[in-house]
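Reader: Please show me the model, and then let me ask about the terms.

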Amino acid sequence: MNTQPNVFTPAKLGPVTLRNRIIKSATFEASTPNALVTDDLITYHRLPAAGGVGMTTVAYLAVSKGGRTEGNVIWWRPEAIPGLQKLTAAIHAEGAAISAQIGHAGPVANARSTKAKAYAPVRFFNPLSMRFAKKATRDDIDNIIEAHADAARFAVEAGFDAVEIHLGHNYFASSFLSPLINRRTDEFGGSLENRAKVARGMVMAVRRAVNDQIAVTAKLNMSDGVRGGISTEESLQTAKWLEGDGGLDAIELTAGSSLVNPMYLFRGDAPVKQFAGAFKPPLRWGIRMTGKKFFREYPYREAYLLRDAKLFRAELKMPLILLGGITNRETMDLAMAEGFDFVAMGRALLAEPDLINRIQADGAVRSACTHCNQCMATIYSHTHCVVTGSPSRVAIG
């Protein structure tokens with residue numbers, strides 16, 4: 001008997017029931033010029049909610065002022081809650097659930113833009129900000145972990161159905177997991193067990209803060225895609241510890257590094273020219289000259305993270321979310337057949353927020369996304385698909 005779930009059937013995620021198994025992944029919106037919710041941000045998420053996703057994920061809600069990637073990013077504080085409550089109410093009105101991605105950018109943070117200290121496992125130079133991130137002390141680490149718990153409490157107050165803890169892309173937790181970045185010799189460095197303490201501490205602090213009021217998920221790198229970085233083998237061990245700790249309802253499997261290899265997650269064309277155009281000289285010139293080394297190009301294929309993700313599926317019992325190259329019904333069905341509980345979609349929904357409703361009505365529908373990745377460079381202005389122009393600033397009726 002075929003027990004493969006239908007991707008369009010309801011599914012439990014911790015205490016939450018989603019109307020289907022399709023999640024809009026966190027894709028930075030560039031819609032918060034004053035670090036507060038705007039109507040533009042609400043529209044950004046209401047479009048895919050009305051378009052049929054089971055849950056949309058708001059990115060990126062920093063746990064502290066210094067944990068932001070740049071100065072316009074929302075961070076959790078009382079002033080932000082009314083706008084976030086308006087956002088969650090709008091998504092619920094469309095029948096979808098909503099998750100808040102919470103995290104600390106660590107060495108990825110642009111300290112010049114945030115006007116706050118950036119922290120890393122060791123003193124670390126960020127070429128975008130032309131400043132050093134400070135080596136985090138034990139007190140700094142404890143404060144950042146507690147900030148995750150505070151953020152989760154705020155998320156409950158704001159009406160979110162879930163939080164996604166950012167443990168990937170060499171942000172704070174991921175930078176500690178990386179043997180390439182984490183050169184510490186204390187209790188947070190050296191062995192994987194030591195390097196995983198920050199990630200595990202964050203997860204359990206969040207779980208204790210929310211108990212079972214909302215779902216708790218995490219985005220975890222399977223690999224950084226660079227020699228000396230997080231390997232699939234080490235990541236799988238970290239995932240086993242996270243499963244054993246019991247703090248998560250699901251893991252979303254990701255890859256790549258915002259610091260050294262971003263295209264390992266974003267397969268397809270490398271938009272060097274477009275990224276360079278988003279900056280002023282001399283950084284623009286630097287990106288044009290060295291961009292091909294930073295933006296390494298990987299060919300696109302459907303379900304491109306599936307091979308590594310299957311290693312995790314074989315070893316873990318907990319729910320897993322498959323990300324990467326999910327654009328059509330056949331690939332969704334493949335993910336279900338391989339034992340994944342949910343699929344996450346990014347660029348395809350950026351191009352066509354109503355894609356899920358259209359696929360459900362006609363399984364032969366194909367995504368308009370060309371994997372040109374020029375949308376990546378729009379995160380410095382207003383994130384949108386350059387092919388279709390979506391997401392529109394015009395609200396749905």
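Author: Here follow short questions and answers on how the labels are earned.
Author: This is a predicted model, where local features need pLDDT of at least 70, side-chain atom pairs count only at pLDDT 80 or more, and totals for chains, interfaces and linings use all residues. Residues are numbered from 1 along each chain as its sequence is written, and side-chain values use heavy atoms, without hydrogens and water.

Reader: What makes the protein as compact as a globular protein of its length?
Author: The radius of gyration, taken over C-alpha atoms, is set against the globule rule, 2.2 Å times the number of residues to the power 0.38. The protein has 19 Å, close to the 21 Å that the rule gives for 397 residues, so it is as compact as a globular protein of that length. Its C-alpha atoms fill a box of roughly 55 × 45 × 40 Å along the principal axes.

Reader: How many helices and strands are there?
Author: The protein has 14 helices and 13 strands. Both are DSSP runs, numbered from the N terminus: helices are H or I with at least four residues, strands are E with at least two.

Reader: Why is N170 called buried?
Author: Buried means under 20% relative accessible area, exposed over 50%, partly exposed in between (1.4 Å probe, protein chains only). N170 has 1% relative accessibility, so it counts as buried. It is in the loop between β9 (162–167) and α5 (172–177). Its phi is positive, about 65°, although N170 is not a glycine.

Reader: Why is H371 called buried too?
Author: Its relative accessible area is 14%, so H371 is buried. H371 lies in the segment after α14 (355–361). Its phi is also positive, near 60°.

Reader: What is unusual about a positive phi or a cis bond?
Author: Most residues other than glycine have a negative phi, and most peptide bonds are trans.

Reader: How do you know that the bond between A59 and Y60 is cis?
Author: Omega is about 0° there. Y60 sits in strand β4 (residues 55–62).

Reader: Is M130 buried or exposed, and why?
Author: M130 has a relative accessible area of 54%, so it is exposed. The residue lies in the loop between β7 (124–126) and β8 (131–135).

Reader: Which residues make the nonpolar surface patch?
Author: F125, M130 and F132 make it, with about 310 Å². Patch residues have over 30% relative accessible area and no salt bridge (a side-chain nitrogen of Lys or Arg within 4 Å of a carboxyl oxygen of Asp or Glu). Like charges are joined within 9 Å, nonpolar side chains (Val, Leu, Ile, Met, Phe, Trp, Tyr) within 5 Å. Areas come from the Shrake-Rupley method with a 1.4 Å probe; for residues, only the protein chains shown count as cover.
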